[in-house]
Structures are given as structure tokens and as C-alpha cells.
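Welcome! Here are a few short exercises to work through at your own pace, each followed by a worked solution.

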Amino acid sequence: MIQFHNYSCMYAAKSEPLLHTLNLNIKQGEFVFVTGPSGGGKSTLCFSINGLIPNEMEGSLYEGSVTVNGIPVQETFPYDLVSEVGTVLQDPEWQLVRGTVKEELTFALENMGVPVEEIDRRLAEVVDKVQIKPILLRSSLELSGGQKQRVAIAACLMMQPKVIVLDEPTAELDPLGKEMVIETIRNLHEQWGYTVVFVDHNLDVSFPYADRVIVVADGRIVADAPPSELYDQAGIGDWLPMPQVIEIARRLGIRKELGASGYGDPLNVEELKEEMERGRTPHRYQAVGPAVQQQNNVLSRAQPIIELKQVMFRYKKQEDELTIKPVDLRIGKGEFTAIIGRNGAGKSTLCKLITGLLKPQSGEVLIHNKSAVSYRADQRVRHVGFVFQNPDFQFVSRSVYEEVAYGLRIQKMNEAEIEKRVKDVTRLLHIDNYLQEHPHFLSRGERRRVAIASILALEPEVIILDEPTTGLDSKRCREMMNHIRTLWEQGHTIVMLTHDMRVVADYVPRTIVMSDGEIHWDGPTRHIFAKREELHRYNITLPPVAELSYALGWSEPALTSDEFIARVEAEYTEMTAVGGLR
């Protein structure tokens with residue numbers, strides 16, 4: 001169905017190819033998961049399949065050929081490929097063009113002259129599968145990032161193409177939404193025979209659904225194997241940290257039978273639990289990568305640095321509906337807090353009220369016990385820094401260096417200190433090679449790191465991060481979170497909005513759960529994660545290690561792999577095929 005033959009690609013302004021000589025065949029009906037380090041060439045691979053390279057990407061050069069269903073892609077304009085290749089991009093705002101969600105979904109089919117009855121049939125089916133019926137008549141401008149991504153996915157499914165290319169389609173979605181979208185695409189793949197090329201960094205969620213995993217790094221394919229056999233390839237761990245289920249299985253010495261092909265890794269909680277209950281004796285485990293220390297789950301009793309008193313807010317176009325219902329919230333100096341909840345729960349709006357980007361209809365926001373409105377903008381930024389969910393919203397300069405230096409210059413810092421801070425933070429986030437690049441020309445993950453660097457360089461008292469790990473590969477995510485934890489240990493107050501429950505479990509002592517503009521729970525992360533069934537109602541699924549804890553009948557979940565392994569070794573001294581876990 002898809003064939004790359006001696007294919008390479010580069011931009012005229014670059015000296016290095018984005019993809020080196022590539023030979024790749026993807027069969028009809030395969031579900032292929034493409035992953036690898038940020039900036040390694042995954043998006044370029046997608047753009048080469050749907051014809052954006054070279055037809056829409058100015059200055060893109062290629063050699064060799066790519067065919068889809070026998071059609072030479074580079075010789076065919078993208079709009080002539082839509083019945084063959086459907087695309088969902090990293091950033092949904094790049095492909096939403098109509099006034100309402102319904103108009104967005106029907107737009108292409110109407111232009112193609114598809115009968116109204118068929119459009120209505122597809123609309124009813126897709127809206128139900130992607131669960132966007134409540135927002136069907138809303139403007140896409142009013143939607144959260146995750147809701148926009150659902151709409152973009154639904155618009156692609158409306159076309160029923162033979163090949164679906166998805167470039168990080170679940171990055172902005174809540175945990176249950178991620179699983180729902182991947183399961184929907186997998187079901188469509190099985191029922192209708194779609195060939196799926198799925199690019200993502202979330203290995204824990206995506207691995208169980210894939211037929212095949214292709215790892216792209218430095219513009220080359222460094223691994224290509226079924227997911228249960230991927231980590232048998234030498235050196236793959238250097239490029240791709242293990243999903244949590246595989247990490248735990250390997251540290252316990254557990255493998256599953258693959259029939260004639262031998263043994264492989266279990267891919268989900270159910271498979272790992274089944275293998276544990278078979279009674280395999282665990283080897284003395286070897287640590288995989290640096291251990292992550294879960295901080296003590298004790299809420300701070302420090303004086304509040306941020307306080308909200310009966311704060312309410314509604315957007316002008318939603319006169320009958322409060323986006324934020326009366327909220328009381330205290331965040332103490334030096335706390336590390338995660339705010340979680342489904343897409344559209346009000347998390348980003350709440351943080352924009354804290355930073356002063358939005359003004360409450362009623363109630364009061366306090367910073368250091370003073371009304372937030374009493375601070376000038378330049379004073380407030382010394383106290384509170386905010387990294388947007390969409391990094392493009394905060395770029396104001398034409399190079400990465402100037403973007404990161406911009407806030408420091410506003411603070412009238414001397415050039416020597418500016419240069420030191422810019423270089424330190426860009427080196428830390430692995431964007432120091434892009435200092436003279438325009439931020440908008442970088443990949444989504446790289447742009448996000450630039451946005452985060454511009455705030456981290458300011459070193460404000462409170463750092464609010466809206467989805468800081470979205471678009472980052474597993475290794476970069478861990479490096480990012482280690483740096484954020486270091487800032488916290490140095491005395492900064494951290495508030496993080498995230499859909500990554502593994503990050504919350506590994507790093508964050510306090511968790512707030514929001515839904516429908518209200519705070520439903522606020523407490524130590526371990527206590528919040530003990531509410532498994534209740535969290536599921538708010539589209540929150542726990543990380544694999546916590547789900548495995550419950551599958552084994554534990555009353556309280558383990559939060560990290562290290563904690564789980566230690567408990568298994570302490571409590572289960574033998575595993576037998578007859579008795580199972582003891």
C-alpha cells in the first residue's frame with residue numbers, strides 16, 4: 001500500500017537531510033506505529049506520504065520515490081490524494097477552516113458532491129465514535145486544544161480514505177480520550193481495512209494496538225519490529241525508553257510465549273498480570289534507567305502564594321454557562337501541584353485567571369495576599385510565569401535566542417547574564433542548536449521547548465505549565481520533568497496542567513481534579529489515584545503501574561515502577577503456577 005524506494009528528503013536551507021535514503025514497505029491493512037526522538041523525522045515521513053512534501057512545503061527537495069496504492073505521491077497534488085490518504089496533523093488549528101464543528105465535518109464531502117443522505121449517515125457514525133455530539137454546533141475557536149484535535153480526527157474519518165496518517169493525534173487529549181481515539185481507529189482499521197500510520201510518543205497507550213513499530217531517529221529507521229519483540233533489538237533502549245509494562249516485566253524477568261517465534265514482552269496490564277499469575281519466578285531485577293523518586297505526599301502548610309476566592313468566569317459567547325463556577329483555591333509557596341481533568345474541564349481557563357490573561361466576572365485572585373489587579377504586568381511576571389498549551393501563541397521574536405531573551409530584556413537584565421541564562425536553559429532543553437532559527441520553523445515538540453525555555457529563563461516564583469510534556473519523546477519528557485523538579489526543589493512553586501498520569505504519579509505530590517469548571521478533589525496524589533472508579537468518570541485513567549496494582553487486588557496503588565518492584569519482592573516471595581501470586 002505504501003512504498004518508499006531510495007527516498008531521501010531535505011530543505012534547501014538545510015545542509016543535512018531530514019530523511020536519509022529510505023526503503024520501506026507498508027502492507028495494506030497494517031496498523032503501523034511510528035515513534036522516536038523529537039525532531040527525528042517522523043513528521044517528514046508523514047508529509048512524504050500525503051504529498052505535502054514537495055507540493056506544499058516550499059523549498060523541500062527529494063530523491064527517490066513514494067507511492068500510495070500505486071500512485072506516485074510526489075507527482076500528485078495533495079487534493080487529488082484525499083480519497084487515498086487522510087491526514088490528521090500535530091496541530092489541529094492548521095486544518096480547521098469552517099465556522100462550526102458540523103460545517104467542518106461536512107465541508108469536504110459537500111465539495112466532492114457526496115449525496116446528503118450519505119453525508120448524514122457518516123456524520124452520525126463519526127460523531128458517535130469520536131464523542132463530539134455536544135460540541136457539534138459550536139465554533140472551533142471556542143474549543144479546547146483536545147476538543148479541536150477530536151474534530152480534526154473526525155473530519156479525517158468522514159472521508160473514509162484507504163490510508164490514514166495521524167501525526168500525534170492524541171497529544172492534546174485526556175487519558176481516556178487517548179485510549180478511545182486509538183481504539184476507534186483500530187476498530188475502523190479492523191472493520192474497514194484501513195492502512196494506518198500512527199505517529200505518537202505515548203508508548204504506554206499505543207503499543208498494545210500496533211501490528212508493527214517503526215522507530216525513526218536522525219532521519220533514519222533504527223528499528224522495525226512487532227511491539228512485543230522491539231526491545232530484543234540491540235541498542236533500541238538508547239533511542240526509546242521502555243513503556244512501563246515492558247519495563248516492569250523485564251525487571252521481573254517475565255516474558256510471554258509467542259508461539260513458534262519464541263518469547264516476547266507483554267504489552268498491557270492484562271497480559272502482564274496473566275504472566276505473573278502463571279507463576280514465573282522473577283529474577284533479581286536490574287534497574288532500567290535512572291530511578292524516579294516519588295516525593296512525599298504531604299501538602300504544604302506554607303503561606304499561600306496564590307489564592308482564589310469565589311472566582312467565577314464565563315466567555316462572552318456562553319452567556320448561559322459558567323466556564324469556571326465559584327472556585328476557592330490556595331497554592332502554598334513551594335508546592336508542586338498538578339491540575340488534571342477531561343478536555344474542556346476549565347483547567348487552562350483557571351490558570352489564565354491566575355496569570356491575569358483573563359479577568360473574573362466575580363471573586364478575587366490574590367498574589368502574596370494582595371489583589372492580583374494591583375500588580376503591574378511587569379511586576380506580575382516576576383511572580384507568575386505561564387507557558388501556553390499552544391506555544392505559537394506566545395512567540396514574538398524571529399529567532400530562538402531572541403525569543404528566550406525577550407522577557408529578560410524586559411526585566412532590563414545585563415547582556416552577559418542574558419546570554420548565560422539563554423544558553424543554560426536552551427542547552428538543558430536540547431534546543432541550543434536552533435538559537436538562530438525562527439521558532440515557527442521548528443517541529444511542534446521543539447517549539448514547545450522554546451516556549452518553556454522563555455519562561456524558565458525568567459525564573460519566576462510561580463511557574464504554570466500547560467501540558468509541558470506534549471510533543472516530547474519519552475527521554476526528553478523525563479529530562480524536562482527532572483529539570484522542573486529541580487526548580488521546585490530550589491524553591492519555585494510549580495503548577496502543571498497535564499494529561500500524562502505517569503508524569504503525575506512519578507513527580508507531583510499534590511493533585512487537583514477539575515470537571516465542568518469545578519474542583520472536585522484536591523489532595524495528595526496517592527489519595528487521588530486511590531479513587532480509580534470515580535476518576536474514570538472524569539476521563540482519567542491511571543498509569544499502567546497503578547492499574548496493575550488494582551489488577552493484583554492491592555488496596556492502594558503503587559505510583560512508580562520502583563515502588564511496585566520493591567513491593568513485589570517484599571510481599572511475594574514465591575510465584576508458582578499452581579498458587580499464582582502469594
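**Exercise 1: Charges over rings**

Arg-567 is placed over the face of Trp-554, 3.9 Å from the ring centre. This comes from a predicted model. Now find the ring whose face Lys-370 lies over.

*Solution.* Start at Lys-370 and look for the ring: Tyr-375 has Lys-370 over its face. The distance to the ring centre is 4.8 Å.

**Exercise 2: A pair of rings**

Classify the aromatic pair formed by Phe-33 and Phe-198, then place both residues along the chain.

*Solution.* Step one: the structure holds 13 aromatic pairs. Step two: in the pair of Phe-33 and Phe-198, the centres are 6.3 Å apart and the planes make an angle of 40 degrees. Planes under 30 degrees apart would be stacked and those over 60 edge-to-face, so the pair of Phe-33 and Phe-198 is tilted. Step three: Phe-33 belongs to strand 3 (residues 31-35) and Phe-198 to strand 8 (residues 195-199), so that the pair links parts of the chain 165 residues apart. Step four: both Phe-33 and Phe-198 are buried. Finally, ring pairs join Phe-33 and Phe-198 with Phe-31, Phe-207 and Tyr-231 in a cluster.

**Exercise 3: Unbonded cysteines**

Why does Cys-9 not bond to Cys-46? Ask the same of Cys-351 and Cys-477.

*Solution.* The structure has 0 disulfides. A disulfide needs sulfur atoms within 2.5 Å. The closest cysteine sulfur to that of Cys-9 is in Cys-46, 12 Å away, which is too far for a bond. For Cys-351 the closest is in Cys-477, at 18 Å, again too far. Both starting points are buried: Cys-9 has 1% relative accessibility, and Cys-351 has 0% relative accessible area.

Technical notes: Residues numbered from 1 in each chain as written. Predicted model: local features only at pLDDT ≥ 70, side-chain atom pairs only at ≥ 80, totals over all residues. Heavy atoms only, no water. Phe/Tyr/Trp six-rings, centres within 6.5 Å; stacked < 30°, edge-to-face > 60°. Helix = DSSP H or I, 4+ residues; strand = E, 2+ residues; numbered from the N terminus. Buried < 20%, exposed > 50% of the residue type's maximum accessible area, 1.4 Å probe, protein only. Lys NZ or Arg CZ within 6 Å of the ring centre and 35° of its normal.
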